[in-house]
Amino acid sequence: MPFLQCALDLEAASAEAVEAAWQELGALSLTLADPGGDPVLEPAVGSTPLWQQLRLIGLFEADQDPYAVYRAAKQALGREPSGWSEEQLEDQPWERAWMDSFHPMRFGKRLWVVPTTVEPPEPASVNLRLDPGLAFGTGTHPTTALCLEWLDGQELGEQDVIDYGCGSGILAVAALLLGARRCLGVDNDPQALIASRENAQRNGVAGALELALPDGAPPRQADVVLANILANILIELAPVLAGRCRAGGRIALSGILREQAEEVARAFAPWFELQPPVAREEWVLISGRRL
């Protein structure tokens with residue numbers, strides 16, 4: 001059967017109120033998307049999504065009145081919704097449709113991210129098998145792409161890696177496939193740790209990947225530290241991430257908008273010799289070596 005899909009742009013702090021209003025109207029599903037359009041894991045109850053600006057997408061029965069959905073959002077927001085859209089969607093297997101639109105992607109010279117539904121274009125290359133899932137990180141977002149390209153350009157043989165904010169585990173798995181000895185993946189969302197474990201198993205590197213919540217992470221250092229989070233979180237975690245990186249080790253930071261690069265670099269400058277930012281669209285990656 002067909003469905004009604006409604007969507008709007010809103011501040012992260014307002015998401016919970018609109019979600020509750022749409023649930024009362026019988027929403028079949030609710031999805032939060034980040035500014036790049038990638039799905040974001042639902043945060044813990046009472047917490048706020050990391051992105052400051054979000055797009056909320058709701059799926060309803062076809063006979064739902066779109067104006068009633070609009071009116072509920074307006075009442076929850078206390079203003080007219082912005083970025084409003086509505087459309088009728090024909091019934092189809094949505095997960096399969098999403099996977100069908102997810103194609104092999106190359107990052108750097110050696111690394112490919114390849115969905116499990118297709119054969120690798122270059123079987124002799126480093127092929128990371130991954131399907132779209134719950135946790136953030138498939139390689140389609142510029143921040144993830146920047147990190148994957150950076151990893152492809154590193155010599156990781158026999159190196160220890162920490163992926164702080166591992167999400168889907170894509171960076172941790174990529175590092176291991178590119179030769180890292182072991183990797184510690186840290187995330188504050190248990191669903192992300194589950195996704196990371198499954199993706200590591202799918203790629204045959206689960207034995208070299210250790211996963212932990214921040215409070216339970218072993219206090220060891222690594223040769224390479226990765227953190228694809230957000231600028232304000234990176235700034236807050238700067239002493240923690242610096243402490244995780246061995247002297248002479250490397251760090252790669254992303255989730256940073258162009259206008260935030262200077263502030264993030266300033267936060268890490270006491271511990272690292274930093275390289276100029278590398279940009280993709282409106283996002284940048286900052287890398288450096290531990291002093």
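**Exercise 1.** Which residues does L151 touch, not counting residues up to four places away in sequence?

*Solution.* The model is predicted, so local features need pLDDT of at least 70 and side-chain atom pairs count only at pLDDT 80 or more, while totals for chains, interfaces and linings use all residues. Residues are numbered from 1 along each chain as its sequence is written, and side-chain values use heavy atoms, with hydrogens and water left out.

Step 1. Apply the contact criterion, heavy atoms within 4.5 Å.

Step 2. With residues up to four places away in sequence set aside, L151 touches R110, L156, L171, A174, A175, L178 and L226.

**Exercise 2.** Place L151 within the nonpolar interior of the protein.

*Solution.* Step 1. A nonpolar core is a set of buried Ala, Val, Leu, Ile, Met, Phe, Trp, Tyr and Cys residues joined through side-chain atoms within 4.5 Å. Buried denotes under 20% relative accessible area, exposed over 50%, and partly exposed the range in between (1.4 Å probe, protein chains only).

Step 2. The largest such core has 37 residues, and L151 belongs with L111, V113, L128, L148 and L226 to those with the most contacts inside it. Helix α5 (residues 170-177) supplies the largest share of this core, seven residues; helices (H or I, at least four residues) and strands (E, at least two) are DSSP runs numbered from the N terminus.

Step 3. A second, separate core comprises 29 residues, including A242, C245, I256 and V284.

**Exercise 3.** Classify C6 and C245 as buried or exposed, and state how many disulfides the structure holds.

*Solution.* Step 1. C6 is buried because its relative accessibility is 0%. C245 is likewise buried, because its value is 1%.

Step 2. A disulfide requires a pair of cysteine sulfur atoms within 2.5 Å; a search of the whole structure finds zero.

**Exercise 4.** Describe the open sheet of four strands.

*Solution.* Step 1. The strand order is β2-β3-β1-β4, with antiparallel pairing; two strands pair if DSSP finds at least two bridges between them.

Step 2. The edges are β2 (29-33) and β4 (82-89), each of which pairs on one side only.

Step 3. Strand β1 (residues 3-11) runs antiparallel to strand β3 (residues 53-61), and nine bridges join them. L10 stands opposite L54 in β3.

**Exercise 5.** Summarise the protein as a whole.

*Solution.* Step 1. The protein contains eight helices and 15 strands.

Step 2. Of its 291 residues, 51% are buried.

Step 3. Among contacts with a separation of 6 or more, 66% involve residues 24 or more positions apart.
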